[in-house]
Structures are given as structure tokens and as C-alpha cells.
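Please look over the structure shown below with an eye to how helices pack and where open space is left. The notes that follow take up these topics in turn.

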Amino acid sequence: MSSFDTLLPRPVSVVTTEGSCPWPSPVDVRAADLPAEGYRLEISPSGVVLSCADAAGEFYGRQTLRQLAGPDAFRAASLETGLTLPCGVVEDHPRFGWRGCLLDVARHFRTKAEVLRFVDLLAAHKLNVLNLHLTDDQGWRFDVPEYPKLTSVGAWRPSSMTGSGGAQDGRPHGGFYTGDDLREIVAYAAARAITVVPEIDIPGHARAALAAYPALGTESSYEIWTSWGISTSLLSPSESTLDFFRTVFDHLLEIFPSPVIALGGDETPGATDEHREFVRLLAEHLVSRGRTPMGWDEVLDIGGLPPMVIGSWQHEAAGLRAAEAGHDVVMCPEQHVYLDHRQAEHPDEPIPVGMVHTLEDVYAYEPALTGPRLRGVQAQVWSEHLDTVRRVDYMAFPRLSAFAEVAWSAGARDYAEFLPRLRDHHLPRLDALGVEYRPLDGPHPWQTRPGVPGRAR
């Protein structure tokens with residue numbers, strides 16, 4: 001596509017003309033003929049007109065101008081003078097309304113600055129949902145004034161498992177966000193057309209809360225889990241525990257304006273009908289507060305649920321089942337879009353957990369569900385084995401770049417056409433942003449982690 005041969009993600013319509021335009025301050029126009037989040041760029045030697053459907057469309061149009069200007073436009077301070085744009089017209093809008101990525105900050109805490117950086121990376125890829133996984137067995141990551149032990153006790157653990165072999169590193173780990181930290185993240189994301197969807201996981205994945213307040217469970221004491229995998233510790237489905245989590249969710253609602261609030265519901269071995277009722281009642285509580293609850297697909301076994309958003313993670317069939325039951329669906333199947341899974345069979349691949357998901361595999365993903373119940377798609381960055389932001393970079397990119405094109409662009413995709421666009425145009429942008437992505441031909445020597453056992457599933 002001539003000078004527009006870039007990772008936009010792919011525009012719906014591109015017309016190129018001769019000439020170039022100096023890096024401009026575009027003139028913005030609201031346009032009723034464009035779909036939600038859509039924009040139109042008209043670039044001529046005399047300037048740029050950006051027509052947009054809404055504030056998100058304006059943001060995406062400006063992102064495309066950065067992309068067309070070249071990698072230098074992605075640096076914190078430009079190293080070049082006189083940046084120019086190719087002349088032409090770009091008309092563009094997204095395929096899905098939910099173009100998400102989950103970031104797990106519970107297993108390994110990411111500082112506020114690191115989360116803000118991750119928001120910038122999502123925005124550069126025109127992704128619009130950050131599903132922030134805030135609580136789990138290994139840590140509770142946000143302050144609740146009514147229950148201070150959730151962070152004074154639940155935010156810290158004495159050690160972490162290395163790999164999947166059971167060995168411990170003996171290094172304390174922890175951290176949490178204040179309410180103002182989270183408000184800042186929400187506002188920063190909103191300015192970049194991103195909604196932050198918070199998640200508290202119940203009734204399983206709750207050992208950090210149980211360690212802080214043992215009365216929430218059935219034992220006299222608990223320790224924060226220092227291992228990975230599925231814990232058998234569940235919350236007690238009592239009225240007092242229900243009241244506790246109503247208070248916790250109400251606090252969350254004061255911070256997050258997201259219309260969707262996630263409550264987990266996954267991986268609960270030994271759960272009883274009372275546990276399932278516990279989830280249903282908290283879902284109804286969120287509905288009574290004017291929000292839509294989101295749960296992982298295991299909650300489909302609960303009777304009497306209000307209309308929800310279901311994260312279909314176990315397999316594609318769960319999403320089809322959820323839609324048939326009248327729920328909206330976000331497709332995020334482990335077999336296709338779990339970015340903590342290894343990227344090759346090669347022994348140099350660091351911590352080779354899960355299934356092999358190559359860059360080409362992610363680019364080829366196509367959700368089985370279609371129709372009005374499909375809200376969109378979401379990639380998952382679980383952090384059991386991602387103990388630094390450099391590890392997050394390595395596992396997420398450039399696979400998240402491929403996923404972004406799946407989420408934005410409709411129509412047939414050709415990996416052979418995508419690869420040179422990624423290599424020649426987009427990887428230099430990631431370099432300019434300082435992203436330590438996995439090279440296309442395998443990890444750098446310092447990105448491997450020999451001797452750390454993994455676990456294939």
C-alpha cells in the first residue's frame with residue numbers, strides 16, 4: 001500500500017496521493033457519518049484534517065499520524081527535525097468494541113509507573129480495555145480503608161516459587177496501590193481511550209484475603225500462598241463474608257467508573273452450591289449498583305445469574321454456551337491468546353509453561369462466536385513467571401501487536417503480508433518505545449533463563 005504500508009492496524013480504506021505534509025497540528029472535525037471510534041485523516045501538503053466520530057476516534061487518528069510519521073514520533077523526545085507525513089486519505093474504525101488485555105498484578109506486583117507505561121503500550125496498539133487482575137492467592141493489591149489488613153498483611157509474601165518445580169527464591173515480594181494511585185491509573189487510561197476493568201477474584205484465588213482476615217474462611221489461620229497453580233482454599237460463603245465483599249466491591253466502584261466489574265469465579269475445586277450462591281449474590285449486588293458483572297466461564301454452572309459478561313477462557317465452546325444463555329462474551333481462550341505461554345519449543349525459551357503460542361498462531365486467531373453477543377476479544381498476561389517488567393515485555397510483544405490487528409481489523413489476514421509490516425515498520429516503533437520484545441528469530445542471550453523448570457499443559 002505504498003507509503004501507507006504500516007501497522008495501523010490495517011485501515012478499512014486508504015487512498016494515497018503524491019506529496020508530503022510537515023508534521024502538523026491537525027484540524028479536528030466531528031463527523032456523524034463515521035462509526036463509533038472511527039476516524040478519517042485527510043493529509044495534503046497544506047495540512048491535515050482529522051474527522052472523528054467521538055473522542056476515541058480522535059485519539060486513534062492521532063495515533064495513526066504518529067505511525068505514519070515514523071519511529072521517531074514514538075520517542076519521549078524527538079531526535080529528528082522536520083518530520084513529514086505522506087499525503088492521502090485514511091478512513092478507519094475498529095472491528096470489536098472490546099479490544100482488551102489482562103494484566104495480572106497480583107502474582108507479581110507492577111508499580112504504578114509500570115502500569116502507566118503498559119497503558120501507553122496498549123494505547124499505541126489501539127487496544128481499549130485494561131483488565132486489571134488485582135487480587136489472588138499470592139497478593140492483594142489495593143487499599144480498602146475499612147479493612148487495612150488486606151494490604152498490611154495481604155499485600156506481602158515471604159517468597160515466590162521459581163518456575164514450576166516447587167523451589168522457592170526466599171525473596172520477599174509485595175506492593176499495593178492506594179485509592180489515589182488507582183484513580184490516577186483510571187484517569188491516565190481514559191485520556192488514552194482505555195477503560196480499566198478491575199477484578200477481585202472470588203470465591204477462590206483468595207488466600208491473600210484469608211491470610212489477612214481468617215474469619216472469611218473455615219480455618220483458624222492462613223498463609224499467603226508462595227506457590228503457583230490452583231489453591232483449594234475457598235472463602236466461606238457466609239453472610240458475614242458476603243457483607244465484607246459487598247463493602248470491598250462498593251469501595252472499588254467509587255474508584256472505577258467502568259460499566260463492567262470483574263468478580264472472577266474460576267478454578268474453585270470443592271465449591272458447593274453455597275459458594276455458587278455467594279457468587280450469584282455478589283453479581284446481583286453489582287447489578288444493583290448499576291454495573292455489569294464479569295466472570296470467567298466457570299460461572300455458567302451457577303443458576304439464576306443476572307445478565308453478565310463472560311470471559312471465555314477455557315475453550316471456544318464456553319463462549320458459545322454463554323451467548324446461548326443470554327450473556328455477552330469476551331473471547332479470551334487459553335489455547336490462543338494466553339501470552340504467558342511459551343513462544344517456541346526451543347530449550348532456550350524462558351520458563352516454558354503452557355502451550356506453544358507463536359506469533360503466527362496469535363495472528364491467526366479468529367473467535368468462533370459471532371453476532372451481537374460477542375463484545376470482543378482479550379489477550380491475557382498472567383504473571384506467575386513474569387517477575388520483572390522486562391519479562392512482561394518479552395512475553396507480550398510482539399504477540400500483542402499481532403493480537404491488536406486481530407482485534408481491530410476485519411477480513412482475511414495473511415501472515416506473510418503481516419510479517420514484513422511488523423519487521424520493517426512496527427518493531428522499530430517498539431524499539432523507540434523501549435520495549436524489550438522477543439526478537440523474531442528467538443531470544444537474546446540475556447532473555448533466556450536456563451535451569452528454571454517449566455510446565456507444559
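Is the crossing of α2 and α11 left-handed or right-handed? In this predicted model, α2 and α11 cross in a right-handed sense, and the points below set out that pair, a second helix pair and a pocket.

**Helices α2 and α11**
- Helix α2 (residues 112-124) packs against helix α11 (residues 389-396) at an angle of about 20 degrees, and their axes lie 12 Å apart.
- Because angles under 35 degrees count as roughly parallel, α2 is roughly parallel to α11.
- On the α2 side the contact involves E114, R117, F118 and L121, which meet V389, V392 and D393 in α11; these residues divide into 4 nonpolar, no polar and 3 charged.

**Helices α6 and α7**
- The axes of helix α6 (residues 239-255) and helix α7 (residues 273-288) come within 11 Å and cross at roughly 35 degrees, in a right-handed crossing.
- From α6 the contact draws on T241, L242, F245, R246, F249, D250 and L253, while α7 supplies F278, L281, L282, H285 and L286.
- By residue class, the contact of α6 with α7 divides into 8 nonpolar, 2 polar and 2 charged.

**The second largest pocket**
- The volume of the second largest pocket is about 280 Å³, and among the 19 residues that line this pocket, E37, G97, N128, A193 and T195 are the closest to its centre.
- Two elements, α1 (55-69) and β12 (195-202), give two or more residues to the lining of the second largest pocket, and α1 gives the most, with 4 residues.
- The lining of the second largest pocket divides into 12 nonpolar, 4 polar and 3 charged residues.

Technical notes:
Residues are numbered from 1 along each chain as its sequence is written. This is a predicted model: local features need pLDDT of at least 70, side-chain atom pairs count only at pLDDT 80 or more; totals for chains, interfaces and linings use all residues. Side-chain values use heavy atoms; hydrogens and water are left out. Axes are lines fitted to C-alpha atoms, for helices over the stretch in contact, and angles run from 0 to 180 degrees between N-to-C directions. A crossing is left-handed if the near helix is turned anticlockwise from the far one by less than a right angle, and right-handed if clockwise. Contact means heavy atoms within 4.5 Å. Ala, Val, Leu, Ile, Met, Phe, Trp, Tyr, Cys and Pro count as nonpolar, Asp, Glu, Lys and Arg as charged, and the others, Gly among them, as polar. On a 1 Å grid over the protein atoms alone, a cavity is a set of points where a 1.4 Å probe fits but cannot get out, and a pocket is an open set with protein on both sides within 12 Å along at least five of seven lines; lining residues have an atom within 4 Å of a point. Grid points are joined across faces, edges and corners, and a volume is the space filled by probe spheres set on the points. Angles under 35 degrees count as roughly parallel, over 145 as roughly antiparallel, 65 to 115 as roughly perpendicular and the rest as oblique.
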